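Colleague: I would like a close look at a single part of this chain. Please keep to what the model itself shows.

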Amino acid sequence: MTFRAAILFFALCFAVTGLRAQNAPSAPSPAVTSSSLGMNEQQTEALRADIARMKNLVQQMEINLAFVDTTQSPLKHQFQLEIDMWKIMIVHMEKQLPPVHAH
């Protein structure tokens, strides 16, 4: 299952990188329109929502981990590794977000 977790991690990394490449402008435009700014804000808010959902899922994973029998320690350890991996991914995604401006 370690191999599976690594594949999931790299697949997610490649997906995020691919999405960023698709959304990057091919050539710098001389004028920035309000609609292009709105799109970036929408993408940022969508990413914030995704991160919030990911945090909730990781929390559910941690709750479920408590019910894994201690006699299944290799399985329990694998689940903990996967939870840790997702936490690292969430922190990485949060660092990609622009800071929130207080209005």
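In which helix is confidence highest, and in which is it lowest? Please take the helix with the highest confidence as the part to examine, and set it against the rest of the chain.

Modeller: This is a predicted model, and confidence is highest in helix 3, with a mean of 93. Helix 1, residues 2-23, has the lowest confidence, with a mean of 54. Over the chain the average pLDDT is 74, and 60% of the residues score at least 70. Residues 27-39 stay under 50, and for that stretch the model has one contact beyond four places in sequence.

The setting of helix 3 is simple to describe. The chain has three helices and zero strands, in the order α-α-α along the sequence.

Helix 3 covers residues 73-96, which is 24 residues. At 1.5 Å a residue, a helix of that number of residues should span 34 Å; the end C-alpha atoms of helix 3 are 35 Å apart, so the two values agree.

Next comes burial. Seven positions can be named in helix 3: Gln78, Glu82, Ile83, Met85, Met89, Ile90 and Met93 are buried. Across the chain, buried residues make up 15% of the 103 residues. The chain exposes about 8000 Å², of which carbon and sulfur atoms supply 65%.

Several of these helix 3 residues recur in the largest nonpolar core, which has ten residues, including Ile83, Met89, Ile90 and Met93. The other members are Ile51, Met54, Val58, Leu65, Val68 and Leu97. Two elements give two or more residues to this core: helix 2, residues 34-65, and helix 3. In soluble globular proteins, nonpolar side chains tend to be buried together.

Leu97, a member of that core, deserves a separate look. Not counting residues up to four places away in sequence, Leu97 touches Thr44, Leu47, Arg48 and Ile51. Of these, Thr44 is found in helix 2. Leaving aside neighbours within four places in sequence, Thr44 is in contact with Leu97 and Pro98. The relative accessible area of Thr44 is 18%; the cut-off for buried is under 20%, so Thr44 is buried.

Contacts of wide sequence separation are also frequent in the chain as a whole: among those between residues at least 6 apart, 79% join residues at least 24 apart.

To return to the request, helix 3 has the highest confidence and gives two or more residues to the largest nonpolar core, as does helix 2.

Notes
Residues are numbered from 1 along each chain as its sequence is written. This is a predicted model: local features need pLDDT of at least 70, side-chain atom pairs count only at pLDDT 80 or more; totals for chains, interfaces and linings use all residues. Side-chain values use heavy atoms; hydrogens and water are left out. Helices (H or I, at least four residues) and strands (E, at least two) are DSSP runs, numbered from the N terminus. The expected span of a helix is 1.5 Å times one less than its number of residues. Buried means under 20% relative accessible area, exposed over 50%, partly exposed in between (1.4 Å probe, protein chains only). Contact means heavy atoms within 4.5 Å. Accessible areas come from the Shrake-Rupley method with a 1.4 Å probe; for residues, only the protein chains shown count as cover. A nonpolar core is a set of buried Ala, Val, Leu, Ile, Met, Phe, Trp, Tyr and Cys residues joined through side-chain atoms within 4.5 Å. pLDDT is the predictor's confidence in each residue, from 0 to 100.
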